[in-house]
Amino acid sequence: MLTDALTLDFADASPPRPAYTGRVRAAPRRARPIPTAPIAETKPTVQPATDDIDWSAVLLRVRDSRDNAAFAALFRHFAPRVKAFLMKSGADATLAEECAQDVMATLWHKAHLYDPARASVATWIFTIARNRRIDALRRARRPEPEDLTWGPDHEPDQADVLAQRQDSARLGAALTQLPPKQRELIEQAYFGDRTHTEIAAATGLPLGTIKSRIRLALDRLRHELK
Amino acid sequence: MTTMTIQHHLTDDLLMGYAAGTLPEAFSLVVAVHLSLCDDCRARSEAYEAVGGSLLGALETADLAEDSLQATLRRIAAGPPTERVRKAGGLFPAPLQDYVGGDLAAVRWRPVGMGVRQAILRTDRGASARLLYIPAGAAVPDHGHRGRELTLVLQGAFRDEDGRFGPGDVEIADEAVQHTPTAEAGLPCICLAATDAPLRFRSLIPRLAQPFFRI
């Protein structure tokens, strides 16, 4: 099942590389080389079909071998979405572009912190972009919880990585099936950089209605994920 | 840090707001401190982050600047940002130490009467955060709220009309709550409190003129 999902065939990988077997390399986390910048970009000739790509595996290639082509593929898929996210949150195009570049550079520098058993790549990028938004648009700090200590050689269990992928896929599907009114509110709650009270003021809906719609949406998501 | 038994957890709307990044900074601080102490709420908060990730993944794309990737590669070549070194260990979880500039010993307390002390922490304007020090057995003056108030216990415990709150517990009070928290006997009670409105004390001279409930 895992190998089916790991067919990576985006067309930009012009330098020949060994066939990807779908096995994640078990490199100890602390022994990774110091990040160096990718040397050059490889231009894609064909737009790859991105739906079935296992982005975790792509990010692990950035993490473990500082793979330029893998970074370029992540960039082409996620940077336009990060920029859209920032613009929806109220950034103008220039600021959103700046921040999107910053977010993707952070992804390169912090790749060693990515844990494929805990989060999808989209989720991990979302947290980086969210923190960048708080910093850029609100000029506030983001308090983060204490780091979890996994031990020096923690490498996640492949079963956990797979479970995380399946949960993310089901969550994505469940979100697309939400009634439009509920989905809109969930989107506003995440993208609008607005509290429920501010959403109430903007939409004219009573606060209670907004809260109960969001609660309904979340109950539905929870039900789908059982 | 997970040996404590936490009874009072964060609500879904706080966890979702924290994951979405829309809470005022002072509230986010309380959430981050609680998540440092509570694996259950941390897992729930990560589920809300996953919702954000799914929504981001499904967004329609915005056009990038023409040299966007090249510009990003130049940013990468400029080197990683300097990492903050976080302090570990002590009474205060790391996110609180980030704001205090150290552990309990680094707090600059100001007396507010009745042996109660407080220290305001710098956060953005949406809400305010403070540390409270309540001597064992003493009461915090009876107060109501205009907004929402989160109180997280770091040491000791307090009781009020809603029950007992020990280390890691969060009390969430809104306008409707009129309460008189009283510190338990034993250790002084140290709390992190955040509110999005100024506290209203019922009178300038607290009703309870002396420590009581010395059990």
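**Notes on chain B, its partner chain A and their aromatic pairs**

1. Let me start with the contacts inside chain B: among those with a separation of 6 or more, 67% are between residues 24 or more positions apart. Please keep in mind throughout that this is a predicted model.

2. Some overall figures for chain B may help you find your way around. The chain has five helices and 11 strands. It is 215 residues in length, and 53% of them count as buried. About 10000 Å² of chain B is exposed, with carbon and sulfur atoms supplying 53% of that area.

3. On to the strands, beginning with the hairpin of β1(B) and β2(B). Strand β2 of chain B covers residues 116-121, runs antiparallel to β1(B) and is joined to it by three bridges. B:G113 stands opposite B:V116 of β2(B). Two residues lie between the strands of this hairpin, and B:M114 takes a positive phi near 65° there.

4. Chain B also has an open sheet of three strands, in the order β7-β6-β9 and with antiparallel pairing. Its edges are β7 (163-165) and β9 (182-183) of chain B, each of which pairs on one side only. Strand β6 of chain B, residues 158-160, is joined to β9(B) by two bridges. If you would like a place to look, B:F158 stands opposite B:A183 in β9(B).

5. The interface deserves a look of its own. Here 57 residues of chain B are in contact with 64 residues of chain A. Between them the two chains bury about 5300 Å², and carbon and sulfur atoms give 61% of this area. Which three residues supply more than any others of the area that chain B buries against chain A? They are B:L55, B:L56 and B:R75, with 13% of it.

6. Two arginines of chain A are placed over rings of chain B. The charged end of A:R141 sits over the ring of B:Y99, at 4.0 Å from its centre. A:R142 lies over the face of B:Y18, and here the distance to the ring centre is 3.7 Å.

7. Now the aromatic pairs, of which the structure holds nine over all chains. In one of them, A:Y114 and A:W124 have ring centres 5.4 Å apart and planes at 55°, so this pair is tilted. A:Y114 belongs to the loop between α4 (93-109) and α5 (121-138) of chain A, while A:W124 is in helix α5 of chain A, so the pair ties together parts that are 10 residues apart in sequence. Both A:Y114 and A:W124 are buried.

8. A pair in chain B is worth setting beside it. The ring centres of B:W109 and B:Y133 are 5.6 Å apart and their planes are at 65°; angles over 60 degrees count as edge-to-face, so that is how this pair is classed. The two residues come from distant parts of the chain, 24 residues apart: B:W109 is in the loop between α5 (94-100) and β1 (110-113) of chain B, and B:Y133 is in strand β3 (residues 128-134) of chain B. Are these two residues buried or exposed? B:W109 has 16% relative accessibility and therefore counts as buried. B:Y133 is buried as well, with a relative accessible area of 18%.

9. A last item for your viewer: A:F85, A:F126, A:Y190 and A:F191 are linked into a cluster by ring pairs.

Terms used. Residues are numbered from 1 along each chain as its sequence is written. Chains are lettered from A and ligands numbered from 1 in the order in which they are written. This is a predicted model: local features need pLDDT of at least 70, side-chain atom pairs count only at pLDDT 80 or more; totals for chains, interfaces and linings use all residues. Side-chain values use heavy atoms; hydrogens and water are left out. Rings of Phe, Tyr and Trp (its six-membered ring) pair if their centres lie within 6.5 Å; planes under 30 degrees apart count as stacked, over 60 as edge-to-face and the rest as tilted. Helices (H or I, at least four residues) and strands (E, at least two) are DSSP runs, numbered from the N terminus. Buried means under 20% relative accessible area, exposed over 50%, partly exposed in between (1.4 Å probe, protein chains only). A charge sits over a ring if NZ of Lys or CZ of Arg is within 6 Å of the ring centre and within 35 degrees of the ring normal. Contact means heavy atoms within 4.5 Å. Accessible areas come from the Shrake-Rupley method with a 1.4 Å probe; for residues, only the protein chains shown count as cover. Two strands pair if DSSP finds at least two bridges between them. Buried area is the accessible area (1.4 Å probe) that two parts lose on being put together, summed over both.
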